[in-house]
Amino acid sequence: MSDRLTPTLIALIGEDGLIALAEAFGGRRLYVPEKLDPDHAITRAIGEERAAKLNRLYSFAYIRVPIARELRAVHYRKRGLSNGEIATKLGIVEPSVDKIFARMAKPPVKGSAQLSLDI
């Protein structure tokens with residue numbers, strides 16, 4: 001199961017890095033080449049610094065990129081997305097999003113991570 005890689009990837013590239021990686025490659029077997037140029041798909045998805053970290057640990061290897069649905073659902077909810085919008089981003093139906101949040105002891109409050117902007 002690719003979710004076994006989730007804690008390692010979070011420690012390596014952070015939650016935001018894993019979310020970006022999952023959005024770009026989630027559910028796929030991904031080859032990490034010896035060198036990641038700035039125009040490589042992995043670098044474009046997660047940025048040069050995170051790509052370099054990933055490359056140091058996994059170069060010449062295939063990784064199964066987690067879909068990270070629960071992590072992404074929480075991330076999207078904190079940014080104010082509705083369950084319908086979250087379902088679309090995760091490629092699932094809206095009742096499945098309800099189930100993800102129902103299983104949590106403390107589901108995130110909608111918009112809890114939004115930044116206030118002084119205009």
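These legends go with a set of close-up views of one predicted model.

**View 1. The whole chain, six helices and two strands.**
Start with the overall layout: the protein has six helices and two strands, and from the N terminus on they run α-β-α-α-β-α-α-α. The C-alpha atoms fill a box of roughly 40 × 40 × 25 Å along the principal axes. Of the 119 residues, 39% are buried. The protein exposes about 7500 Å², and carbon and sulfur atoms supply 50% of that. Take the contacts with a separation of 6 or more, and 64% of them turn out to join residues 24 or more positions apart.

**View 2. How confident the predictor is, and where the confidence drops.**
The mean pLDDT of the protein is 91, with 91% of the residues reaching 70 or more. Among the confidence values, helix α6 (residues 94–102) has the lowest mean, at 95, while α2 has the highest, at 98. The stretch to treat separately is residues 114–119, where pLDDT stays under 50. For that stretch the model has three contacts beyond four places in sequence.

**View 3. The largest nonpolar core, with Leu54 as a way in.**
This core has 22 residues, and those with the most contacts inside it are Leu21, Ile42, Ile46, Leu54, Tyr58 and Ile63. The elements giving two or more residues to it are α1 (6–25), β1 (29–32), α2 (41–46) and α3. Helix α1 provides the largest share, nine residues. Zoom in on Leu54 and leave aside its neighbours within four places in sequence: Leu54 is then in contact with Leu9, Leu12, Val32, Ile42, Ile46, Ser59 and Ile63. Apart from this core lies another, of 12 residues, among them Val74, Ile86, Ala87 and Ile92.

**View 4. Helix α5 and its buried face.**
In α5 (residues 83–90), the buried residues are Asn83, Ile86, Ala87 and Leu90. Look down the axis of α5 and these buried residues fall within an arc of 100°, so they line one face of the helix. The cover over them includes α4 and α6. Just after α5 comes Gly91, which takes a positive phi of about 70°.

**View 5. Helix α6, with one side buried and exposed residues on the other.**
Val97, Ile100 and Phe101 are the buried residues to find in α6. Seen down the axis of α6, its buried residues fall within an arc of 90°, so this helix has them lined up on one face. Over on the other side of α6, Lys99 and Ala102 are exposed. What covers the buried residues of α6 includes α4 and α5.

**View 6. His75 in helix α4.**
His75 sits in α4 (residues 69–78). Is His75 buried or exposed? At a relative accessible area of 15%, His75 counts as buried, because the cut-off for buried is under 20%. Not counting residues up to four places away in sequence, His75 touches Asp16 and Ile19.

**View 7. Glu49 and Lys53, a salt bridge within helix α3.**
Side chains of opposite charge can pair when their charged atoms come close. The count here comes to two salt bridges, and this view shows one of them, between the side chains of Glu49 and Lys53, at 3.8 Å from N to O. Both residues lie in α3 (residues 48–58), four residues apart, about one turn of the helix. Glu49 is exposed, with a relative accessible area of 59%, whereas Lys53 is partly exposed at 30%.

**View 8. Asp37 and Lys35, another salt bridge.**
Here Asp37 forms a salt bridge with Lys35, and the closest N and O atoms are 3.8 Å apart. How exposed are the two partners? Asp37 is partly exposed, with a relative accessible area of 35%. Lys35, at 59%, is exposed, because exposed means over 50%.

Technical notes. Residues are numbered from 1 along each chain as its sequence is written. This is a predicted model: local features need pLDDT of at least 70, side-chain atom pairs count only at pLDDT 80 or more; totals for chains, interfaces and linings use all residues. Side-chain values use heavy atoms; hydrogens and water are left out. Buried means under 20% relative accessible area, exposed over 50%, partly exposed in between (1.4 Å probe, protein chains only). Contact means heavy atoms within 4.5 Å. A salt bridge is a side-chain nitrogen of Lys or Arg within 4 Å of a carboxyl oxygen of Asp or Glu. A nonpolar core is a set of buried Ala, Val, Leu, Ile, Met, Phe, Trp, Tyr and Cys residues joined through side-chain atoms within 4.5 Å. pLDDT is the predictor's confidence in each residue, from 0 to 100. Accessible areas come from the Shrake-Rupley method with a 1.4 Å probe; for residues, only the protein chains shown count as cover. The arc is that of the directions from the helix axis to the C-beta atoms.
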